[in-house]
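Please consider the following protein chain, beginning with its overall composition and then turning to one sheet and the helices that accompany it.

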Amino acid sequence: MTSIQDNNFSLPGEILIPQAPPGFKSGFIGIIGRPNVGKSTLMNQLVGQKIAITSPVAQTTRNRLRGILTTPEAQLIFVDTPGIHKPHHQLGEVLVTNAKIAIDSVDVLLFVVDGSTACGGGDRYIASLLERTTTPVILGINKIDSQPSNSQLIDESYLELAQSGEWQTGRFSAKTSDGLLELQQLLIEHLEPGPYYYPPDLVTDQPERFIMGELIREQILLLTREEVPHSVAISIDLVEETPAITRVLATINVERDSQKGILIGKGGGMLKSVGSAAREQIQKLIAGKVYLELFVRVQAKWRHSRTRLAELGYRVEK
């Protein structure tokens, strides 16, 4: 039961959520866009900590991951969504459905585009989806650090898109942080007065187990060839904490025996490389030593099975 003491809301587990000061703003901001436009990198930079995996491989985000940024004047809850694309299997259908659901379930939409290339068909498709929403939209032109010499023509292609929707725009680089403070202020201007939804020092609402699984999957995306990454799902089977070390056992689920062979590698070399790199990232997450043991299991056509998708944590969001 929630109680109020000394202007603080006390929740079970000794978590305190303070009462917001007068004029404080808060709200949920949906980050949407095509795959690989830098949405996860942007959210990591905004909250000041790595909570979402990044990769040169498209469509890496699978869950609606929440990142939380609290400033003296506002609390911004960012909802990172899967890139909107044409789905090719049941997993893809779930991901795109969840991304579309986010459009009407947040307070502000940040539509992120790749400013290193001109506006394309994928961007215009997302813009057409946004025509039906009453949610305020800000068009965020990312990757300005990678813009070529004809960047004016590129920017104009996006400004034309913004004008058709009467959206405000922001230019920034999620990689270098240029323009992010201005973007942050623009987002705050669109929020309504509201309470703290989370404790001010929290940066995500996802449990550590989920982040651990994502950090393992990130290393697979970075280290294996193209046929493997999208066929991978991670199950965290055990997290055992002691004062000296945290022991983590995880299973990497793939669809085919050939993918299992690639992941294990000659003499187990690939699995050792994935495990070593993932362990370093997990140690940063928990700020302590980690023993990580990985297993590989074949789950044939798991991306096409609603039952197996649910077992691995992929469901249509409510």
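The paragraphs below move from the whole chain to a sheet and its helices.

The structure is a predicted model. Its protein chain contains nine helices and 13 strands. Of the 318 residues, 49% are buried. Among contacts with a separation of 6 or more, 71% are between residues 24 or more positions apart. The chain exposes about 15500 Å², and carbon and sulfur atoms supply 49% of that area.

One open sheet consists of three strands in the order β11-β12-β13, with mixed pairing. Its edge strands are β11 (233-241) and β13 (290-298), each of which pairs on one side only. On average, neighbouring strands of this sheet are turned by 15 degrees against each other, direction ignored. Strand β12 (residues 246-254) runs antiparallel to β11, and eight bridges join the two. Within this pairing, Ala233 has Asn253 of β12 as its bridge partner.

Helix α6 (residues 208-223) packs on the sheet and touches β11, β12 and β13; its direction makes about 130 degrees with that of β11. Helix α7 lies across β12 and β13, running at about 155 degrees to β13.

Helix α7 (residues 257-264) also meets helix α8 (residues 269-286): their axes come within 4 Å and cross at roughly 65 degrees. Therefore α7 is roughly perpendicular to α8. In this contact, Ile262, Leu263 and Ile264 of α7 meet Gly269, Met270 and Leu271 of α8. The residues involved comprise five nonpolar, one polar and no charged.

Note on methods. Residues numbered from 1 in each chain as written. Predicted model: local features only at pLDDT ≥ 70, side-chain atom pairs only at ≥ 80, totals over all residues. Heavy atoms only, no water. Buried < 20%, exposed > 50% of the residue type's maximum accessible area, 1.4 Å probe, protein only. Contact = heavy atoms within 4.5 Å. Areas by Shrake-Rupley, 256 points an atom, 1.4 Å probe, with all protein chains shown as cover. Axes fitted to C-alpha atoms, helices over the stretch in contact; angles between N-to-C directions. Parallel < 35°, antiparallel > 145°, perpendicular 65-115°, else oblique. Nonpolar A, V, L, I, M, F, W, Y, C, P; charged D, E, K, R; others polar. Pairing = 2+ DSSP bridges.
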